[in-house]
Amino acid sequence: MMRLAIVMGAALGAEAFVARPTPKYMAVTRRPAAAKVNMDMAILPKINKLLKSPVIGGVPIVPVVAGVAVAAPVIKKILDTPSRTYNREENTVGKEYDAWTEEGILEHYWGEHIHLGWYSPQEMKDGYKKKNFIQAKYDFIDRMMAFSGLNALEKPPAKVLDVGCGIGGTSRYLASKLGSDSHVTGITLSPNQVARATALAKERGLDNTEFKVMDALAMKFPDNSFDMVWACESGEHMPDKKKYVEEMARVLKPGGVMVMATWCSRDDTEKPLDEVERKNLNYLESEWTHPHFISIEDYVKHFESTGYLETIHSEDWWECTIASWRHSIWVGVYDPWPVVRRPWVWYKTLRDGICLERFHRSFDTGLMGYGMVRARKSTEGYMVKDVTM
């Protein structure tokens, strides 16, 4: 099933990811017309013989060939049509993660961390498949911690908020790394994720973590509640990106650290998205219940517009995360049994495989990137400049 996902992912929608035109030196030299005629004449007897043979191995050939020819475009259209569009009122994000958590497929392959991994230039050169897929995710957390400036703080933050915590992998990792003097709270829209995260924390003997079902756009925490706000791949699911940033900044204490990692579309200020790019983005958004993507530049503007986030810095980590998409497919190819023994998830797994491949291509062509943004909240805790003009 996962191997089929790779094949279908490589075949479907390929026209939307053409990175560059074919060089002139790769142009195909056409055969003379006479040669084509001779070839046609030579193959006609074989075709006639095949058509006269009603079956091969007990299978009627003509109906099968005709059926495949008719079905192929229909199948392509079905797989090209997004199946899990975003709906805030129906909590499609929470329900989708509830389903993934219950199935166990995502946790089996991705481990406790539902986010991309980090691959060094040397690891990419040696071949990303040589790296442990789960270890890549731990490496990403370590790199994100370093990027945030957390490692340079005089003392660990006492209260940390993990926005979009999934099944709590990062929350537990941070709680363990920071020590018992720090307390990590994770929030998600999925009750199943909260239950799983809580159970895993209990198994690990971690009593400095807790998990809550909560909307990141309407958090119930008072202003200035946390010393650090951590958001890894949750912005993708937010219908109001500006409100998302504002809420995280609101609950951050003055002088606190805020760091965000999220998939982003390319900046279209100077070069607007063309029709093919928009079509592809629509698929990537709607297949995994994302409302819409925005650029890294737009996120930075949202950080700035709060008026009290300062020392804002952003980067695009697409090169060190792109391997995650295809690596995710390959771990399924090498270990197919969890999918094989669950026939009811075959179709969904096929679609996920195709979506993974399309995300890889969107990173490779520059349609999307991996946004990293960090900031500190003004120690005064109020606007450091007038952003109303």
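Helices (H or I, at least four residues) and strands (E, at least two) are DSSP runs, numbered from the N terminus. Residues are numbered from 1 along each chain as its sequence is written. This is a predicted model, in which local features need pLDDT of at least 70 and side-chain atom pairs count only at pLDDT 80 or more, while totals for chains, interfaces and linings use all residues, and side-chain values use heavy atoms, leaving out hydrogens and water.

**Exercise 1. The chain as a whole**

Task: Find how many helices and strands the protein chain has, and what share of its residues count as buried.

Solution:
- Step 1. Start with the elements: the protein chain holds 16 helices and nine strands.
- Step 2. Turn to burial, where buried means under 20% relative accessible area, exposed over 50%, and partly exposed in between (1.4 Å probe, protein chains only). Of the 389 residues, 47% count as buried.
- Step 3. Look at contacts, meaning heavy atoms within 4.5 Å. Among contacts with a separation of 6 or more, 83% are between residues 24 or more positions apart.

**Exercise 2. The sheet and a helix across it**

Task: Work out the order of the seven strands in the open sheet, and name its edge strands.

Solution:
- Step 1. Two strands pair if DSSP finds at least two bridges between them. The order is E5-E4-E3-E6-E7-E9-E8, with mixed pairing.
- Step 2. Strand E5 (209–213) and strand E8 (309–316) are the edges, each pairing on one side only.
- Step 3. Axes are lines fitted to C-alpha atoms (for helices over the stretch in contact), and angles run from 0 to 180 degrees between N-to-C directions. With direction ignored, neighbouring strands of this sheet are turned by 15° against each other on average.
- Step 4. Zoom in on one pair: strand E7 (residues 252–265) and strand E9 (residues 368–377) are antiparallel over nine bridges. Here Val-259 stands opposite Arg-374 in E9.
- Step 5. Now add helix H10 (residues 241–251), which lies across strands E3 (159–163), E6 (226–232), E7, E8 and E9. H10 runs at about 155° to E7.

**Exercise 3. A helix with little exposure**

Task: Explain why helix H8 (residues 169–178) is described as largely enclosed.

Solution:
- Step 1. Eight of the ten residues of H8 are buried, so the rest of the structure largely encloses this helix.
- Step 2. Among those buried residues are Arg-172, Tyr-173 and Leu-174.
- Step 3. The cover includes helix H7 (133–148), E3, strand E4 (183–188), helix H9 (191–204), E5 and E6.
- Step 4. Just after H8 comes Gly-179, with a positive phi near 100°.

**Exercise 4. Following the salt bridges**

Task: Find which residues meet Arg-250 in salt bridges.

Solution:
- Step 1. A salt bridge is a side-chain nitrogen of Lys or Arg within 4 Å of a carboxyl oxygen of Asp or Glu. The whole structure has 20 of them.
- Step 2. One partner of Arg-250 is Asp-223, at 2.7 Å from N to O. Arg-250 lies in helix H10 and Asp-223 in the loop between E5 and E6, so this pair ties together parts 27 residues apart in sequence.
- Step 3. Glu-247 also forms a salt bridge with Arg-250, the closest N and O atoms being 2.7 Å apart. These two are three residues apart in H10, separated by about one helical turn.
- Step 4. Compare accessibility: Arg-250 is buried at 19%, Glu-247 is buried at 6%, and Asp-223 is partly exposed at 48%.
- Step 5. Move on to Arg-351 and Glu-287, whose side chains meet at 2.9 Å, N to O. Arg-351 lies in helix H16 (residues 346–365) and Glu-287 in helix H11 (residues 275–287), so the pair ties together parts 64 residues apart in sequence. Both Arg-351 and Glu-287 are buried.
- Step 6. Finish with a network: Glu-112, Arg-172, Glu-203 and Arg-204 are joined by salt bridges that share partners.

**Exercise 5. Positive phi values**

Task: Decide whether Thr-311 is buried or exposed, and say where Thr-311 sits.

Solution:
- Step 1. Most residues other than glycine have a negative phi. Thr-311 has a positive phi, near 45°.
- Step 2. Thr-311 belongs to strand E8, and at 57% relative accessibility Thr-311 counts as exposed.
- Step 3. Asn-91 likewise has a positive phi, about 50°, without being a glycine. Asn-91 is in the loop between H3 and helix H4 (92–103), and is partly exposed with a relative accessible area of 26%.
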